Amino acid sequence: MLFESDFQSIFLPALIVVVICIIGYSLWQRKQKNELEKAISLLKVNTIAVGLLSILLWFLLPSTPSLSTFGFPETVKEIQSNEQLLNYLQEYNQAIVRTTRVVYWFIFIFVWWFLASVYSFIKALSNQQGKEYFKNVKEKFSA
């Protein structure tokens with residue numbers, strides 16, 4: 001693991017900073033008139049944020065050599081003492097727990113980003129199509 005400290009003490013502050021930046025950017029983008037341009041610019045910012053969080057999660061994964069340092073004992077005789085067995089199980093348990101946390105957060109962030117992006121595009125396109133539809137209806141009835 002690149003970062004040996006607690007997972008939450010590294011990831012949660014980074015997540016809070018990214019969320020605050022995205023909220024600030026979306027508030028700043030309210031000045032734009034075109035909804036489709038807003039959706040595209042927010043997609044760009046969200047993609048960068050998800051990329052940064054994904055890189056951080058990648059660094060938080062346990063390193064593979066720590067999993068294979070003990071080897072895989074094939075018989076009970078290879079484990080000399082109870083302390084050795086306990087150390088072996090604790091190392092693997094820590095690596096599995098860290099990997100599970102990273103995968104959980106990656107899936108959560110990726111799905112949230114994907115759904116938010118799809119929603120903003122659908123909303124922008126439906127608003128744009130609705131305006132064009134009503135414009136066409138108004139032109140037909142005024143002629």
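**Exercise 1. In which helix is Phe 110 found? Place the residue in this predicted model, and describe its exposure and its surroundings.**

Step 1. Phe 110 is found in helix α4, a helix that spans residues 82-142.

Step 2. The relative accessible area of Phe 110 is 38%, and Phe 110 is therefore partly exposed, since that class lies between the limits of 20% and 50%.

Step 3. Along the chain Phe 110 and Val 50 are 60 residues apart, yet their C-alpha atoms are separated by 7.0 Å; Val 50 itself is one of the buried residues of α2.

Step 4. Phe 110 also belongs to a nonpolar patch on the surface, which it forms together with Val 103, Phe 106, Ile 107, Val 111, Phe 114, Leu 115, Val 118 and Ile 122. The accessible area of the patch comes to about 790 Å². Phe 106, another member of the patch, has its place in helix α4 and is partly exposed, with a relative accessible area of 37%.

**Exercise 2. Describe the overall architecture of the protein chain, covering its secondary structure, its burial, its contacts and its surface.**

Step 1. The secondary structure comes to four helices and zero strands, and the pattern read along the sequence is α-α-α-α.

Step 2. Of the 143 residues in the protein chain, 19% are buried.

Step 3. Among contacts with a separation of 6 or more, 75% are accounted for by residues 24 or more positions apart.

Step 4. The accessible surface comes to about 10900 Å², and carbon and sulfur atoms hold 68% of that surface.

**Exercise 3. Which residues does Phe 11 touch beyond its neighbours in sequence, and is Phe 11 buried or exposed?**

Step 1. Phe 11 has its place in helix α1, which covers residues 7-28.

Step 2. Once residues up to four places away in sequence are set aside, Phe 11 touches Leu 53, Leu 56, Leu 57, Leu 60, Trp 105 and Ile 109. Leu 53, Leu 56, Leu 57 and Leu 60 are listed among the buried residues of α2.

Step 3. With a relative accessible area of 0%, Phe 11 is buried, because that value falls under the 20% limit.

Step 4. The C-alpha atoms of Phe 11 and Val 102 are separated by 9.6 Å, although the two residues are 91 residues apart along the chain.

**Exercise 4. How many aromatic pairs does the structure hold? Work through two of them and explain how each is classed.**

Step 1. The structure holds eight aromatic pairs.

Step 2. One of them joins Phe 11 and Trp 105, at 5.2 Å centre to centre and with 55° between the planes. The pair is tilted because its angle is neither under 30 degrees nor over 60. It links distant parts of the chain, with Phe 11 in helix α1, Trp 105 in helix α4 and their positions 94 residues apart.

Step 3. A second case is Phe 108 with Trp 112, where the centres are 6.4 Å apart and the planes make an angle of 20°. This pair is stacked, because its angle is under 30 degrees. Both residues lie in helix α4, four residues apart, which is about one turn of the helix.

Step 4. As for exposure, Phe 108 is partly exposed at a relative accessible area of 42%, whereas Trp 112 counts as exposed at 60% relative accessibility.

Step 5. Ring pairs join Phe 11, Tyr 104, Trp 105, Phe 108 and Trp 112 into a cluster.

**Exercise 5. Characterise helix α2 by its span and its buried residues, and then examine Ser 41 and Ala 39 in detail.**

Step 1. Helix α2 has 26 residues and reaches 37 Å from its first C-alpha to its last, which is close to the 38 Å expected at 1.5 Å a residue.

Step 2. The buried residues of α2 include Ala 39, Ser 41, Val 45, Asn 46 and Ala 49.

Step 3. Ser 41 lies in α2, within residues 35-60, and counts as buried at 11% relative accessibility. Leaving aside neighbours within four places in sequence, its contacts are with Tyr 25, Gln 29 and Gln 32.

Step 4. Ala 39, likewise placed in helix α2, counts as buried at 5% relative accessibility. Not counting residues up to four places away in sequence, Ala 39 touches Ser 120, Phe 121 and Ala 124. The C-alpha atoms of Ala 39 and Tyr 119 are separated by 9.3 Å, with the two residues 80 residues apart along the chain.

Methods:
Residues numbered from 1 in each chain as written. Predicted model: local features only at pLDDT ≥ 70, side-chain atom pairs only at ≥ 80, totals over all residues. Heavy atoms only, no water. Phe/Tyr/Trp six-rings, centres within 6.5 Å; stacked < 30°, edge-to-face > 60°. Helix = DSSP H or I, 4+ residues; strand = E, 2+ residues; numbered from the N terminus. Buried < 20%, exposed > 50% of the residue type's maximum accessible area, 1.4 Å probe, protein only. Contact = heavy atoms within 4.5 Å. Areas by Shrake-Rupley, 256 points an atom, 1.4 Å probe, with all protein chains shown as cover. Patch = residues over 30% accessible without salt bridge, like charges linked within 9 Å, V, L, I, M, F, W, Y side chains within 5 Å. Salt bridge = Lys/Arg side-chain N within 4 Å of Asp/Glu carboxyl O. Expected span 1.5 Å × (residues − 1).
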